[in-house]
Amino acid sequence: MPFQGGSCGHTAKSGREAESFKEQGNAYYAKKDYNEAYNYYTKAIDMCPNNASYYGNRAATLMMLGRFREALGDAQQSVRLDDSFVRGHLREGKCHLSLGNAMAACRSFQRALELDHKNAQAQQEFKNANAVMEYEKIAEVDFEKRDFRKVVFCMDRALEFAPACHRFKILKAECLAMLGRYPEAQFVASDILRMDSTNADALYVRGLCLYYEDCIEKAVQFFVQALRMAPDHEKACVACRNAKALKAKKEDGNKAFKEGNYKLAYELYTEALGIDPNNIKTNAKLYCNRGTVNSKLRQLEDAIEDCTNAVKLDDTYIKAYLRRAQCYMDTEQFEEAVRDYEKVYQTEKTKEHKQLLKNAQLELKKSKRKDYYKILGVDKNASEDEIKKAYRKRALMHHPDRHSGASAEVQKEEEKKFKEVGEAFTILSDPKKKTRYDSGQDLDEEGMNMGDFDANNIFKAFFGGPGGFSFEASGPGNFYFQFG
């Protein structure tokens, strides 16, 4: 209950009227109707403006309404009128603490303890004020260390005692933005702006959130507005400069890319990446854009690295996964491609993504079989004649009779290659089998047991001979064969 003592110094009648208003205010205060209590305490003050208790009572009411700055004025007036007013000093200290001025709060609580050294509330509030000062010191050090989570923790603890401190809220919001927790940061800043639309710090934090969410044009508007309110706002100034530079470089890079000037686009995206390492979302897009440029320049490993950097910054960035997956496909790293396409399909189950995944899975399956094109040394689009010429060359190169004088180990290896060459030719020279092979079908399931091939019969059928043959030297490094 608010303090009820004090003196008036006016006529007895006005004193009685003031006391009546105060009593009515106390009644409303007890019923928690703080607006009506405020009205009656104001009437009491108007009748008797030199009564410390009336200001103390109204200060208590304003504190309950969350109007701490107005309450502070009343509390200060109450102790000016009566410096021995312990509750007045307590309320002044409580207002200072609620507004985040812990040092001033300590002075008020110390004065209350000088007047009443056993006052339990003053003792506890003094400890609370010191705790807030300690949280401030820790937060300041941790902000410099960029340990933003710890700063948020400290500010949450401090705000338990200083719920009306805009400074603590802004620091918390700024750190939330640095941690990528934009909705929380926006909520805090917007809450302050509802009470004070000209608060430059809150405008800066709103802009910072938009900036880090890659809404750069809107961000610049908030930074400019913050600078109008506080022209010397250093953080808003730096952020505004970075935002404008980032936007310009990115747009120039996009323009160069569209014009096919990939080397210039690469340089511009690289310069943009150096502007602000803290802008994670924009930098993720810049890495992906540069990855696209590298893929156009056929620097596929560099493209993969750029896309990897993009998804490290933003693991929800579908475009970067798709770009990297295509680069993996182009470099025949099919397991990695399948992994990326699976990630994409789990996130966005579209027909297109499902088909991309199926294609990658097929290529992975095909990559684990024998590569008949590689065995013959031909391209996958080789013509029938090219396949025949390749078989002729490889069959003669690896025929066992040609290596009859070699070591047992070499003979075994060449015989294996000879069989593989025959197997490859059998499949790729038959249009139906080739189609099945190219489509990734299991050839054994199609009734073609790959262990049933006879490489010698294939060789004889191709060269048209009736039986065995022998190789003869026809000059240095040259051989010819004849059938027996």
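**Entry 1: a helical stretch**

How much of residues 318-351 is helix, and how far apart are the end C-alpha atoms? I looked up this span, and the chain there is 82% helix and 0% strand. The end C-alpha atoms are 15 Å apart. I noted how helices and strands are called: they are DSSP runs, H or I of at least four residues for a helix and E of at least two for a strand, numbered from the N terminus.

This is a predicted model, in which local features need pLDDT of at least 70 and side-chain atom pairs count only at pLDDT 80 or more, while totals for chains, interfaces and linings use all residues. Residues are numbered from 1 along each chain as its sequence is written, and side-chain values use heavy atoms, with hydrogens and water left out.

**Entry 2: what the record says**

I then checked UniProt. The unreviewed entry lists "repeat: TPR" for residues 18-51, 200-233, 246-279 and 318-351. Its positions follow the numbering used here, feature names are shortened, and annotations may be inferred rather than shown by experiment. I took residues 18-51 as one of these spans. That span is 79% helix and 0% strand. Its end C-alpha atoms lie 10 Å apart.

The unreviewed entry also has "domain: J" over residues 371-441. I found 69% helix and 0% strand there. The end C-alpha atoms of that span lie 14 Å apart.

I looked at the domain assignment as well, whose bounds come from an automatic or database source. It gives domain 1 as 269-368 and domain 2 as 372-440. The C-alpha centres of these two domains lie 36 Å apart.

**Entry 3: the whole chain**

How many helices and strands does the chain have? I read off 24 helices and two strands. The radius of gyration is 41 Å, well over the 23 Å that the globule rule gives for 484 residues, so the chain is more spread out than a compact globule. That radius is taken over C-alpha atoms, and the rule is 2.2 Å times the number of residues to the power 0.38. Along its principal axes the C-alpha trace spans about 145 × 45 × 40 Å.

I checked burial next. Buried means under 20% relative accessible area, exposed means over 50%, and partly exposed lies in between (1.4 Å probe, protein chains only). Buried residues make up 44% of the 484 residues. The chain exposes about 25,900 Å², and carbon and sulfur atoms supply 48% of that area. Accessible areas come from the Shrake-Rupley method with a 1.4 Å probe; for residues, only the protein chains shown count as cover.

I also looked at contacts, meaning heavy atoms within 4.5 Å. Of the contacts with a separation of 6 or more, 52% come from residues 24 or more positions apart.

**Entry 4: salt bridges**

Side chains of opposite charge can pair when their charged atoms come close. I used this rule: a side-chain nitrogen of Lys or Arg within 4 Å of a carboxyl oxygen of Asp or Glu. The count comes to 28 salt bridges.

I picked out Arg 58 and Asp 74, whose closest N and O atoms are 2.6 Å apart. Arg 58 lies in helix 3 (residues 52-64) and Asp 74 in helix 4 (residues 68-81), so this pair ties together parts 16 residues apart in sequence. Both Arg 58 and Asp 74 are buried.

Next I took Lys 172 and Asp 156, which meet in a salt bridge at 2.8 Å, N to O. Lys 172 is in helix 9 (residues 166-178) and Asp 156 in helix 8 (residues 148-161), so the pair links parts 16 residues apart in sequence. Lys 172 counts as buried at 19%. Asp 156 is partly exposed at 25%.

Then I returned to the span I began with. Arg 324 and Asp 340 form a salt bridge at 2.7 Å, N to O. Arg 324 sits in helix 17 (residues 318-330) and Asp 340 in helix 18 (residues 334-347), so again parts 16 residues apart in sequence are tied together. Arg 324 is buried at 10%, and Asp 340 is buried at 2%.

Salt bridges with shared partners also join Glu 19, Lys 22 and Glu 23 into one network.

**Entry 5: two single residues**

Is Lys 22 buried or exposed? Lys 22 is buried, at 1% relative accessibility. I placed Lys 22 in helix 1 (residues 12-30). The C-alpha atoms of Lys 22 and Asn 57 are separated by 8.4 Å, with their positions 35 residues apart along the chain.

Last, I looked up Glu 125 in helix 7 (residues 120-144). Glu 125 is buried at 8%. Leaving out residues up to four places away in sequence, Glu 125 touches Lys 94, Leu 97 and Phe 109.
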